[in-house]
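Please read the following explanation alongside the sequence and the three-dimensional view. It moves from the strands to the helices and then to individual side chains.

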Amino acid sequence: MKTYNCLFQELISLKNFEEAYEKARKRKSFSKEVQNFQEHWRLNLIGLRKEIMTKTYAPQPLKTFILRDPKTRVICVSSFRDRIVHHILVNVLQPIFESRFIFDSYASRQGKGTLLALERFDNFVRKVSCNGMRVHDAKSANQVLGYVLKADIKHYFETVDQKILLGILQKKIKDVDVLWLTRIILENYNSGNLGKGMPLGNWTSQFFANIYLNELDQFVKHQLRAKYYNRYVDDFLILHHSKIQLKDWKQKIAKFLESLKLELHPQKTTILPLGRGVSFLGFRCFYHHKLVRQRNLRKVKSKLTSLLEYYSEHVCEKEEVINALQGWNAYAMHGNTYRLRQRLVNFVEAELELSRNNKRQH
C-alpha cells in the first residue's frame, strides 16, 4: 500500500493557503469576522502560515450553540482563521483518500451529494423490486417487492474514537508534521469524554467522518458483498429482496462496528418493506413519488426567514437569499413538490419587495 511521507511542504505552500482562504470565506462575506480578516488577508495568511511552520499554532476555543430542527444538536463553530486551517489540511489529504472511498458514499465529496444519493437509491429500488413488481394483495402501485435495512449510528460524531481515527490515517500518512496538525485539530474538541468525538460543524469533521466510516463501507461491500448499499454520513441503507438476508447482515454490521467502538442506533435501525416508503435525506421515498419531510420544510423556511431578515438589515445581499432559494428548489424538485416550491418562491419575492419598499422610504 502506498504511503505518504513528505506532505508538509505541500500543506504550508502559499498556494494551498490562498485556496483554503477562498474556500473558507465562500458565502461568508457578510460575517464581521470574515470582513475583519480579509481587510489585511495577505498579512493574516502569512502570520497563520508562520504559526503552523513553527508549530506554535493553537486553535481558538470552539463556539457552541444548540440547534433544534426538531432534533436537538450541539453545533460547534470554529473561528475563521481555524476554518482556513481545516481547508489547508483537507486540501492535502482528500486527494489521497478519495481513491479509497467506495462509489456509494455520497457526503462531503466533490461530484456526489444528496441528489445523486437519491437517484442511486431509486436505481436500487427498481433493481430489487424487478422494476416495480408489486407484492401479493398490493393496495397501491407503490407496494413493490423488496426490503431495506435503514440504519443510523448512535451518536456518531460524539463517539468517534480519535485514537482509532489517527490509526486509520497513519496507515497512509507517515508525515509526522501533518499528523501533528491533525491531532491538534481533533484535540481542540471536548466532548466530555477524553479522546472521543468530533465537532458537528467543522469541515475536518465531515472529511474524517468519511475516512472513519470507509472502514464500514469496505466491510459491507467486500466482506458482506452487499450490492445495493448507499451511505450519507452515518445514515446508510442496504436493499435486498430477502428480509432474512438483511437480518443476518444487520447482526454482522453491529458486530463489526464494535471494532470501531460504534453501535447501531436501536430506535433508528430497522428493516422495512420498500412498499411502506423509506425516509432518506429529507424525503419519504416511494416507488412512484417522493414527499418532502415536514422537518426539512421547517428547516428551509427558517433559513430563508433568517436571510430575509439579514437582507432587510443590510447584513447580506439579495443574491444570497436568491441563491439559498434556488439551491433548495434544485433539491426539492427531485420530489413531487411543484406547488410547494411555487409557494416558497411567492413568499420570498413578496418579502424582498417589502424590504425594497421600506428601504426606499428610509
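The paragraphs below describe a predicted model, beginning with its sheets.

One open sheet is built from four strands in the order 4-5-3-6, and the pairing is antiparallel. Which strands stand at the edges of this sheet? They are strand 4 (228–232) and strand 6 (270–273); each has a single partner strand, so one side of each is left without a neighbour in the sheet. From one strand to the next, the twist averages 20°.

The sheet can be followed strand by strand in its written order. Strand 4 pairs with strand 5 in the antiparallel sense over five bridges. Within this pairing, Tyr-228 has Leu-239 of strand 5 as its bridge partner. The two strands also form a hairpin, with two residues between them. Val-233 lies in the turn of that hairpin and has a positive phi of about 55°. Strand 5 covers residues 235–240, and five of its six residues are buried, so that the strand is mostly covered under the cut-off of 20% relative accessible area.

Strand 5 is joined in turn to strand 3 by six bridges, and these two strands run antiparallel. Here Ala-151 stands opposite Phe-236 of strand 5. Strand 3, residues 147–152, also pairs with strand 6 in the antiparallel sense, over four bridges. One bridge partner in strand 6 is Pro-273, which faces Tyr-147 across the pairing. As a general point, the side chains of a regular strand alternate between the two faces of the sheet.

A further open sheet contains three strands in the order 7-8-9, again with antiparallel pairing. Strand 7 (278–280) and strand 9 (290–292) occupy its edges; each has a single partner strand, so one side of each is left without a neighbour in the sheet. The twist in this sheet averages 25° from one strand to the next. Strand 8, residues 283–285, is joined to strand 9 by three bridges, and the two run antiparallel. In this pairing, Cys-285 has Lys-290 of strand 9 as its bridge partner.

Helices lie across these strands. Helix 6, residues 114–128, lies across strand 4 and strand 5 and runs at about 160° to strand 4. Helix 6 also lies across strand 7, strand 8 and strand 9, running at about 155° to strand 7. Elements of both sheets are therefore in contact with helix 6, with contact meaning heavy atoms within 4.5 Å. Helix 10, residues 203–223, likewise lies across strand 4 and strand 5, at about 175° to strand 4.

Asn-214 is found in helix 10. Is this residue buried or exposed? Its relative accessible area is 4%, so Asn-214 is buried. Apart from residues up to four places away in sequence, Asn-214 touches Arg-100, Phe-101, Ile-102 and Arg-231.

The aromatic side chains form another set of links. A pair of aromatic rings is described by the distance of the centres and the angle of the planes. A search of the whole structure finds 14 aromatic pairs. In one of them, Tyr-21 and Phe-37 are 5.9 Å apart from centre to centre, with 35° between the planes, and the pair is tilted. This pair links distant parts of the chain: Tyr-21 is in helix 2 (residues 14–25) and Phe-37 is in helix 3 (residues 32–39), 16 residues apart. Both residues are buried.

Another pair is formed by Tyr-156 and Tyr-212, whose ring centres are 6.4 Å apart and whose planes lie at 50°, so the pair is tilted. Tyr-156 lies in helix 7 (residues 156–159) and Tyr-212 in helix 10, so the pair ties together parts that are 56 residues apart in sequence. Tyr-156 and Tyr-212 are both buried. Ring pairs also link Tyr-21, Phe-37, Trp-41 and Phe-80 into a cluster.

Finally, some rings have a lysine positioned over them. The charged end of Lys-55 sits over the ring of Trp-180, 5.4 Å from its centre. Lys-112 lies over the face of Phe-103, at 3.5 Å from the ring centre.

Key. Residues numbered from 1 in each chain as written. Predicted model: local features only at pLDDT ≥ 70, side-chain atom pairs only at ≥ 80, totals over all residues. Heavy atoms only, no water. Pairing = 2+ DSSP bridges. Axes fitted to C-alpha atoms, helices over the stretch in contact; angles between N-to-C directions. Phe/Tyr/Trp six-rings, centres within 6.5 Å; stacked < 30°, edge-to-face > 60°. Buried < 20%, exposed > 50% of the residue type's maximum accessible area, 1.4 Å probe, protein only. Lys NZ or Arg CZ within 6 Å of the ring centre and 35° of its normal.
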